[in-house]
Amino acid sequence: MTKRHGYALLSTITALIVVLSAAIYVGFASDHGSGESSNNTLSGARAPHNSAAPASTGVWVGTWSASPVGGEPGTEITGMAGRSVRNVVHTTVGGTSARITLSNLYGQAPLTITHATIAVAAGNGTAEAAAETMRRLTFGGNTVVVVPAGQQVLSDTVAIRVPAYSDILVTTYSPTASGPVTYHPRARQTSYAAVGDRTEDVTGTAYTARTEYWRYLTALDVLSDEAQGTVVAFGDSLTDGVGSTENSNHRWPNLLSDRLRAASETDGDAPRYSVVNQGIGGNQVLADGLGRPAENQAGVSRFARDVLGRTNVKVVVVDLGINDILRNPHLADPNAVLNGLRTLVRQAHARGIKVVGATLMPFGGHRGYSTARENVRQAINAQIRAGHVYDTVVDFDKVVQDPYDPRRFRPEYDSGDHLHPSDKGYERMAAAFDLDSLKGSAPARL
């Protein structure tokens, strides 16, 4: 063997040893956590584990989501620069790994996130993380990510055991101004903010600012063996949960999730789905809000993003149309609303997604009520009940109406404004589902 060939062989063997050593270290770190602390780790905080996720069984499903609605008022110039945003979200199924989606849809400049974490909350109504659950998030292998204006980004997978029906803390820190903060108002859930980079603070004591907004965060997915797919609840404030008790997770999609889980524990044939909520207060089938991009985008405009873009969707429940009736300065055309709803169905069917449609609930006694508007609602409901719109129907109207005056809510189901349900009303809506109707796939042709 020549000296040159000997050096080449020695170099090859050395390189192989380095690769094998690195592989052994990565495997050890994946099983046990790195134990390394970041330069940003705060006093009193535990160092998060690495983001590398071990191989696992199960399927990816959505366990929580929220639609981006607009730019948060008061953040037009500085955004949330120099502050940590700790979103609190509630899961519908558990998993062994997780990933998040961050949105800068309404930002006017790139959003720079230099630090992001995920953890299980120590309890309800707290910014404190449960012991040993803090994990650092990465994006393409980096802890820093820049989200262009008008865009969104999906994180890398992180190994974390996410319990079903638990609060999860997703925290981001941005040091620079990005313009309007993309947010979801009226969350019915308290989230938090703190001054400085407090992303890895497990104590939560720095999070003195409270808000009913979700900021930047639009989805949490999990690798789960508890569900075979995702149900998307697509609607307006009646789906978003307005009128329900704050921090109680009493929106009808949460309660439908409760029913699905209970059924799966006793019935092997029950559908095994997670449920995510894509409701927006004031949303319409046909009309966008103001601005560029439009705030509170119409159902036909946002369906691709908020339903087709979600993870492993099997079924969508559509409850839209009441705001087209109430917010139209003229009398709404029921055929136009129905054609808009049929457009959603065609888009879903093109992806093999089954569509369950809800009848429009009463609003007698509300300030926007009129006999003419009631007639439009009845015309739309007649077509829905006749099977001319959706694959199958959940009759919300029938189960919440006052039997003595079907134009109004039954009193105990009314939150008091004669438009949004009470907690009992949301319970009745969730109970109206025939769970077997969620089984199966979309027909080849409606």
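Me: Which residue of β19 is the bridge partner of F234?

Reply: In this predicted model, the bridge partner of F234 in β19 is V318. That bridge belongs to the pairing of β17 with strand β19 (residues 313-319), which runs in the parallel sense over six bridges.

Me: What makes β17 and β18 a pair of strands?

Reply: Two strands count as paired when there are at least two bridges between them, and seven bridges join β17 to strand β18 (residues 273-279), so the criterion is met and the two, which run parallel, are a pair. One of the contacts in this register is that of T230, whose bridge partner in β18 is S274.

Me: Why is strand β17 called mostly covered?

Reply: A residue is buried when its relative accessible area is under 20%, and seven of the seven residues of β17 (residues 229-235) are buried, so the description follows. Both faces are covered, with G229, V231, A233 and G235 buried on one side and T230, V232 and F234 buried on the other. In a regular strand the side chains alternate between the two faces of the sheet.

Me: What makes β7 and β14 the edges of their sheet?

Reply: The open sheet of six strands has the order β7-β6-β11-β3-β13-β14, with antiparallel pairing. Strands β7 (135-136) and β14 (209-211) each have a single partner strand, so one side of each is left without a neighbour in the sheet. Within that order, strand β3 (residues 83-90) and strand β13 (residues 191-195) pair over four bridges in the antiparallel sense, and the bridge partner of S84 in β13 is A194.

Me: How do you know that the span of helix α7 agrees with its number of residues?

Reply: At 1.5 Å a residue, the 15 residues of α7 (residues 371-385) should span 21 Å, and the end C-alpha atoms are 21 Å apart, so the two values agree. After the helix comes G387, whose phi is positive, near 80 degrees.

Me: Why are the buried residues of α7 said to line one face of the helix?

Reply: The buried residues are R373, E374, V376, R377, I380, N381 and I384. Seen down the axis of α7, they fall within an arc of 155 degrees, and therefore they line one face. Their cover includes α5 (322-326), α6 (334-350), β20 (354-358), β21 (392-394), α8 (396-400) and β23 (405-409). Two of these helix residues, E374 and R377, are also linked with R385, D395 and D397 in a network of salt bridges.

Me: Why is the contact of R215 with E72 called a salt bridge?

Reply: The cut-off is a side-chain nitrogen of Lys or Arg within 4 Å of a carboxyl oxygen of Asp or Glu, and the N to O value for R215 and E72 is 2.8 Å, so the pair qualifies. R215 lies in strand β15 (residues 214-215) and E72 in the loop between β2 (70-71) and β3, so the salt bridge ties together parts that are 143 residues apart in sequence. Both R215 and E72 are buried.

Me: What separates R302 from D306 along helix α4?

Reply: R302 and D306 are four residues apart in α4 (residues 299-308), and therefore about one helical turn separates them. Their side chains meet in a salt bridge of 2.8 Å, N to O, and both residues are buried.

Definitions and conventions: Residues numbered from 1 in each chain as written. Predicted model: local features only at pLDDT ≥ 70, side-chain atom pairs only at ≥ 80, totals over all residues. Heavy atoms only, no water. Expected span 1.5 Å × (residues − 1). Buried < 20%, exposed > 50% of the residue type's maximum accessible area, 1.4 Å probe, protein only. Arc of directions from axis to C-beta. Contact = heavy atoms within 4.5 Å.
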